[in-house]
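Hi everyone, thanks for making room for me today. I'd like to walk you through one structure, starting from a single residue and working outwards. Have a look at the screen and shout if I go too fast.

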Amino acid sequence: MQRIHTTPLTRCFRHFSSATPTIGDKIVASVVFERLPVVIPKIDPILYAFQEFSFRWKQQFRREYPDEFYKKYESRGKGDYQIDYQPAPRITEADKSNDKRSLQRALDRRLYLLLHGPPSGSPNEKPVWHFPEKPYENEETLRKCAEFALQSVLGDLSHTYFVGNAPMGHMVASEKTESNPLKRFFFKSQVIGSNKLDISGCDDFVWVTKDELLEYFPEEAEYLNQMIIS
């Protein structure tokens, strides 16, 4: 298998390894499956205040036109028609009911898919929250293994897009009773052209924001907070 190069971020944590996987290593491909923001996030109050100041400042130096110009401009395009435009609300019914199984929530944030069930590749069969994942077996590449992991949940990959071929992160979960620790390689994938996906093969699932996601993984929160840019 091709050597995975480390990054400064990975080297900051003692429990993460950049060593090349060898025969006997327990390797799992995990998928950070995200839905990109649907609407533009609200502007920061400081930036809004600056834009207001900039606009008023420029108004001092704007060109003055004669009154005849404004009268001609106001008379253009007038007719019997009228267009009524009502923007869609930023707060949806899923937001109001806190329906985390819906993609129609937190429209101005990125959402991430988490599954509830026994983790793949772990000797512990206790159901926990985890990313879509699959143990590496005889797949051609880890990327292919990650695709199979997501396909087993969605049924097909027609509404997905994998960002690059290399992992976005690498985590080693030490097992005291195991001679070979479990190694997880994270791949990023995104929802494309759909606002509803049929999730199966698990006890339960949620679509959560980054802040909510970190609450599901308190022990790995520090690393995930730096690996996932949202």
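So, His130 sits in strand E3. By strand I mean a DSSP run of E with at least two residues, a helix is a run of H or I with at least four, and both are numbered from the N terminus. Before I go on, this is a predicted model, where local features need pLDDT of at least 70, side-chain atom pairs count only at pLDDT 80 or more, and totals for chains, interfaces and linings use all residues. Residues are numbered from 1 along each chain as its sequence is written, and side-chain values use heavy atoms, with hydrogens and water left out.

Back to our histidine: is His130 buried or exposed? His130 is buried, with a relative accessible area of 11%. The cut-offs here are under 20% relative accessible area for buried, over 50% for exposed, and partly exposed in between, with a 1.4 Å probe and protein chains only.

Who does His130 touch? If we skip its neighbours within four places in sequence, His130 is in contact with Leu114, Leu115, Gly117, Pro118, Pro119 and Phe217. Contact means heavy atoms within 4.5 Å. Take Phe217 from that list: His130 and Phe217 are 87 residues apart in sequence, but their C-alpha atoms are 8.7 Å apart in space.

That kind of thing shows up across the chain too. Among contacts with a separation of 6 or more, 66% are between residues 24 or more positions apart.

Now let's follow His130 across to the next strand. The residue opposite His130 is Leu115, and it belongs to the pairing of E2 with E3, residues 128–130, which is antiparallel over 3 bridges. Two strands pair if DSSP finds at least two bridges between them.

E2 has other partners as well. With E8, residues 204–208, E2 pairs in the antiparallel sense over 5 bridges, and there Tyr112 stands opposite Val208. E1 and E2 also run antiparallel, joined by 2 bridges, with Arg35 opposite Leu111. In E2, 6 of the 7 residues are buried, so this strand is largely enclosed by the rest of the structure. E8 tells a similar story: 4 of its 5 residues are buried, so E8 is largely enclosed too.

Next stop, E7. How many of its 10 residues are buried? The count is 9, so to speak a mostly covered strand. E1 and E7 run parallel and are joined by 9 bridges, and Val31 stands opposite Phe187 there. E6, residues 169–173, runs antiparallel to E7 with 5 bridges, and Gly169 has Phe186 as its bridge partner. E5 pairs with E7 as well, in the antiparallel sense over 3 bridges, where Tyr161 stands opposite Gln190.

What packs against these strands? Here helix H5 comes in. The buried residues of H5 include Leu142, Cys145, Ala149 and Leu150, and its buried residues pack against E1, E2, E4, E5 and E7. Here's a quick check you can do yourselves. H5 has 13 residues, 142–154, and at 1.5 Å a residue it should span 18 Å, while its end C-alpha atoms are 19 Å apart, which agrees. The rule for the expected span is 1.5 Å times one less than the number of residues. Just after H5, Gly155 takes a positive phi of about 95°.

Let's put the inside together. The largest nonpolar core has 24 residues, and those with the most contacts inside it are Phe33, Leu197, Ile199 and Trp207. E1, E2, H5, E7 and E8 each supply at least two residues of this core, and H5 gives the most, with 7 residues. Apart from it lies another core, of 16 residues, among them Tyr112 and Phe186. A nonpolar core, by the way, is a set of buried Ala, Val, Leu, Ile, Met, Phe, Trp, Tyr and Cys residues joined through side-chain atoms within 4.5 Å.

To finish, the whole chain. The protein chain has 7 helices and 8 strands, and 33% of its 230 residues count as buried. That's my tour, thanks for listening.
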